[in-house]
Amino acid sequence: MRQHASESARLSRRQFLVGGGVLLGAAATGLPTMAQAQGRRGEIIAGVSERALTLDPANHYSISATSVLRHIYDPLVDVTNDSKFVPALAESWRVVNNTTWRFTLRKGVSFHDGSPFNADSVVYSLKRVRDNSKLIKSFVYQDIETVEKDGDYAVNVTTKRPFGSLAAHLTMLGMLPPSAASQEDAFFQKPIGTGPFRFASWTHGDHVVMAANPSYWKPGLPKVEKVTFRFIPELSTRTAALRAGELHVIDRVPPDLVQTLKGSPGVRVLDVPAIETQRWHFQLAKEPVKDVRVRQAISLGIDRNVIIKDFLLGYGRPVVSPIPPGLIGHANLGQKPYDPQKARSILRQAGLRDVSVDWVLMKDLYPKQLEIAQAVAAMLSDVGIKVNIKNLEIATAREHRTAGTYDIFYSGWAHLPHDPDWFLGQWFTRAGAEKLTRYNNPRVEQLIAEGRVPDPKVRQQKYEELQRILWEEEPEIWPYYSVAIYAVSDKLRNFEARRDYYILLSDTSLA
């Protein structure tokens, strides 16, 4: 392969143009093109539930955006569906000590513009996300002290404190070419990565198109010539497009459509327990929910089993701790009870009457969310709490969340890094929660920091302790663990239903 590549590099411009003419001629005459000769053909079109607002891998926490960006950029470390961390652009890594990591980089990898991937790319990508506090993921990397290259293909990272979850976080950070530094705004309109697909076009709010990277470093990938992600928040539209053959895969299928889709010609339904806990978080700086007694009464007034049985049709699991099963830190703290009489008693003893709360929903994002919210409103009415449901467009709802103009916010949290550190750091540290829930508990923040050591036994112990505190404080309602449901065309081959909701298509083909 190397010899062939070297010979190609010596082709003259005339030879290149002649070769290009041969390829064009082959296409015109029906002879196999290079892509076809490699077995690559067709276009996969995915319909995802959320619009990608940026193509910057360091500046979002959207699952749909992550699915798109994983095709353009490669991370240093990848993660399998069963939460194993495996090499990507880093061939290997090791923990030198509690505060030092060494990454050995893969050689022979190029960005889509032909520039080499090397240690300079890693130094730029990591320093950028650490130093630019405006980037959404920046807070995760604040413990990084230094990022230093050791030759072209090794990088040493030192941290201010132990950072045991670093490898997990790196699964979500695509590596960038250093050339992006001087032109970031323009770069992220037409981004360049080392990923299996090259950016082709982006119609904001509607779709992103990507073409196969013929020089991808993983042999035999990708398996199709083109991938398109369409952003279709409306569940009915997404489902109808799949059944009409306009899409090959959709995410976030509602449970009550499973049987309909299973009965649809050419459609398969796949489900897998997700590493997602549904969480309805309170605005903790705002009356009346800043009062823990109100939060306790709300928790006691919700029958979670009814939600799982009647609205999710069994596609949900009872929550026994904020961190879902399968991740470090999960513990069994017992299910939250349904006790409306005790809820009424708490409110009465506290002298709390005419309690009214605003509940903000991101329209159509989570299956059956409006029906579930209406049912919960009825349950809470029974204990004396009035719920005002505000079903808003996603962007508008998030504006309310940032402004703090809500009492309860309907949300979920898929653990994309397959590690709870991001979730805990985002929602239960003062810096992370400052523009979200305004949560602030120094003891919990200390446990989060102590839980970052590399030793998994220590991490488990710290996470169990902090979850017991959260279980008592009830800063959120945890109604159920999700089940990820996908519907796919029967033409799609080798599609993996991911627990993290990623839609990854580089190893997927069409029949």
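Leaving aside neighbours within four places in sequence, Leu-76 is in contact (heavy atoms within 4.5 Å) with Pro-87, Ala-88, Leu-89, Ala-90, Phe-103, Leu-105, Phe-117, Val-122, Leu-170, Leu-173 and Met-175. The model is predicted: local features need pLDDT of at least 70, side-chain atom pairs count only at pLDDT 80 or more, and totals for chains, interfaces and linings use all residues. Residues are numbered from 1 along each chain as its sequence is written, and side-chain values use heavy atoms, with hydrogens and water left out.

Leu-76 belongs to the largest nonpolar core, which has 142 residues. A nonpolar core is a set of buried Ala, Val, Leu, Ile, Met, Phe, Trp, Tyr and Cys residues joined through side-chain atoms within 4.5 Å; buried means under 20% relative accessible area, exposed over 50%, and partly exposed in between (1.4 Å probe, protein chains only). Leu-76, Phe-103, Phe-229, Trp-280, Ile-298 and Ile-385 touch the most other members. Helix H13 (residues 369-381) gives the most to this core, with 7 residues; helices (H or I, at least four residues) and strands (E, at least two) are DSSP runs, numbered from the N terminus. A second, separate core of 15 residues includes Ile-45, Leu-247, Leu-261 and Ala-487.

Trp-280 lies within the numbering of strand E12 (residues 267-282). Because 13 of its 16 residues are buried, strand E12 is largely enclosed by the rest of the structure. Strands pair if DSSP finds at least two bridges between them. E12 runs antiparallel to strand E18 (residues 481-489), with 8 bridges, and Pro-273 stands opposite Val-483 there. Antiparallel pairing of E12 with E16 covers 7 bridges, where Thr-277 faces Trp-413. Strand E17 (residues 476-477) is joined antiparallel to E12 by 2 bridges, one partnership being Trp-280 with Ile-477.

Trp-413 leads on to the aromatic rings. Rings of Phe, Tyr and Trp (its six-membered ring) pair if their centres lie within 6.5 Å; planes under 30 degrees apart count as stacked, over 60 as edge-to-face and the rest as tilted. The count comes to 16 aromatic pairs. Trp-413 and Phe-423 form a tilted pair, 5.9 Å centre to centre with 45° between the planes, and both are buried. Phe-428 and Tyr-439 form an edge-to-face pair at 5.0 Å and 90°. Phe-428 has a relative accessible area of 2%, and Tyr-439 has 5%. Ring pairs link these four with Trp-422 and Trp-427 into a cluster.
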